[in-house]
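Hi,

Here is the structure I promised to pass on. Have a look at it first, and then read my notes below.

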Amino acid sequence: MKTINPDPTPSQPQISWEQILSSLQDGVITLDRSGNVSYFNEAAEMLTDLAASHALRQSFVRIFRKEPWLIQLVKKSVPPLQESARGEGDLVSRWGKKVPVGITVSPLQDRHGTFLGSILLVRNLTHRKELEEDLKRADRLAMVGTLAAGLAHEIRNPLGGIKGAAQLLRRNLDHDPSLIEYTNIMTREVDRVNLLIEQLLDLSRPTKLDIVPLNIHEVLEDVLLLELQTKSQATITIKKLFDPSLPPIRGDRNRLMQVFLNLVKNACQAMNGSGTVSVTTRVEADIYFRGQGAGRSQFIWVEIEDEGVGIKDEDLLHIFSPFFTTKNNGTGLGLAVCYRIVKEHGGIIRVDSTEGKGSTFKVSLVVAD
Ligand SMILES: Nc1ncnc2c1ncn2[C@@H]1O[C@H](COP(=O)(O)OP(=O)(O)OP(=O)(O)O)[C@@H](O)[C@H]1O
Ligand SMILES: [Mg+2]
């Protein structure tokens, strides 16, 4: 094995190329002249979900048969072209997991320019895609906010008028129950529109959070009690898998109640009122993220898992956007509000879902100091 330390000293151990390549965050794959894999570093193993022992000496075309775009890219690096090429696309693992990657392919040549094979540098773009999606979402939220603020102003006054008139009307209809019911409907519907406007405004205006150390289990207990009391959901089973050693978190009680109420409501709706909702809490084991503001923070996770209809792959990117709904009576604001609140807490909200099997919404929150 060649080394790159020309003058090793006892305190400076030799570093091999292999050690360097296996320490890289980016995947490195080399192919020989026939297109068989001759090197596959650890990052490549992680990105493809394939062990190097399975990849080595295998035909590249066979391993990446689900990624025709990648095969086209590699073709450019072999004779007659022998060019470098870049591309972006998804790697699909054996289990169907997709990882967005950026790939640079170059021909491997000796000093005389003789073609020896190809080298692929594979970069994981998951984080970048998530950031891009976050930015787009923030943009959309800002737009909705401006629109909402304008609309709210124009709509609230006439709504107040309608509600007042309905109440006056009701007073004069003491003896006709069916007409009274009409005025009740008017009042109720006005309240519904008002609530919608409130939710829209919630998305737009900067809110002042009342952050205190919170026992998240108490918040979750209240949410479950509220959600189960408000509906006759006798056929919904709630499984609580609470970690008793969970530390207090930093949060605004009312806003977090809103988050988990929305998530539990969605879970129940996705199961058409029957099935099991599991609520799990756990401490983030060994990763410490940099939270908002200074210093490093420890995080906890709350997971709400249902056995409902699941979410289509093409919908997954949109569910946190305002007004995205697949329900007849949905506003599509529930998850947009959740996203906003969790972000304001310096947390993360994620979802895993399999169509026809169910979904798991995961929320991470910062542990109180
Ligand atoms: N647990 C879940 N299972 C399956 N699909 C879900 C789940 N949670 C959310 N979704 C999908 O995401 C969409 C957006 O959810 P969101 O809570 O924002 O709005 P909504 O539930 O449709 O309406 P609203 O919350 O305003 O009543 C839903 O319409 C549904 O398609
Ligand atoms: Mg909802």
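A quick bit of vocabulary before the notes: two strands count as a pair here if DSSP finds at least two bridges between them. By that yardstick, strand S12 (residues 299-305) pairs with S14 in the antiparallel sense, over seven bridges. One spot to click on is glutamate 305, which stands opposite threonine 360 in S14. Do keep in mind that this is a predicted model.

Overall layout

The chain has 11 helices and 14 strands. Its radius of gyration is 28 Å, well over the 21 Å that the globule rule gives for 369 residues, so the chain is more spread out than a compact globule. Along the principal axes, the C-alpha atoms fill a box of roughly 100 × 45 × 40 Å. The domain assignment splits the chain into domain 1 (17-124), domain 2 (129-204) and domain 3 (212-366). Between the centres of domain 1 and domain 3 there are 39 Å, taken over C-alpha atoms.

The antiparallel sheet

Five strands make an open sheet with antiparallel pairing, in the order S2-S1-S5-S4-S3. At the edges you'll find strand S2 (37-40) and strand S3 (85-92); each has a single partner strand, so one side of each is left without a neighbour in the sheet. On average, neighbouring strands of this sheet are turned by 25 degrees against each other, ignoring direction. Inside this sheet, strand S4 (residues 98-109) and strand S5 (residues 115-124) run antiparallel and are joined by nine bridges. Leucine 108, for instance, has glycine 117 in S5 as its bridge partner.

Helix H5 (residues 68-75) lies across S3, S4 and S5, and it runs at about 155 degrees to S3. In the loop between H5 and S3 sits proline 80. A cis peptide bond joins proline 79 and proline 80, with omega at about 10 degrees. The other backbone oddity I'd look at is aspartate 49, which has a positive phi of about 60 degrees although it is not a glycine. You'll find aspartate 49 in the loop between helix H2 (42-48) and helix H3 (52-55). For context, most residues other than glycine have a negative phi, and most peptide bonds are trans.

The mixed sheet

Another open sheet has five strands in the order S7-S9-S12-S14-S13, and its pairing is mixed. Strand S7 (236-241) and S13 are at the edges with a single partner strand each, so one side of each has no neighbour in the sheet. Here the average turn between neighbouring strands is 15 degrees, direction ignored.

S14 also pairs with S13: strand S13 (residues 348-354) and strand S14 (residues 358-366) are antiparallel, over seven bridges. Serine 353 has serine 359 in S14 as its bridge partner. The hairpin of S13 and S14 has three residues between the strands, and in it glycine 356 takes a positive phi near 85 degrees.

Around the ligand

Which residues come nearest to ligand 1? Of the 22 around ligand 1, they are Ala270, Thr325, Gly330, Gly334 and Leu335. Helix H9 (253-270) and helix H11 (334-344) are the elements that give two or more residues to this shell. H9 gives the most, with four residues. Sorted by class, the shell has nine nonpolar, 11 polar and two charged residues.

Cheers

Conventions
Residues numbered from 1 in each chain as written. Chains lettered and ligands numbered in written order. Predicted model: local features only at pLDDT ≥ 70, side-chain atom pairs only at ≥ 80, totals over all residues. Near = placed C-beta within 6 Å. Nonpolar A, V, L, I, M, F, W, Y, C, P; charged D, E, K, R; others polar. Domains from an automatic or database assignment. Axes fitted to C-alpha atoms, helices over the stretch in contact; angles between N-to-C directions. Contact = placed C-beta atoms within 7 Å. Rg over C-alpha atoms; globule rule 2.2 N^0.38 Å.
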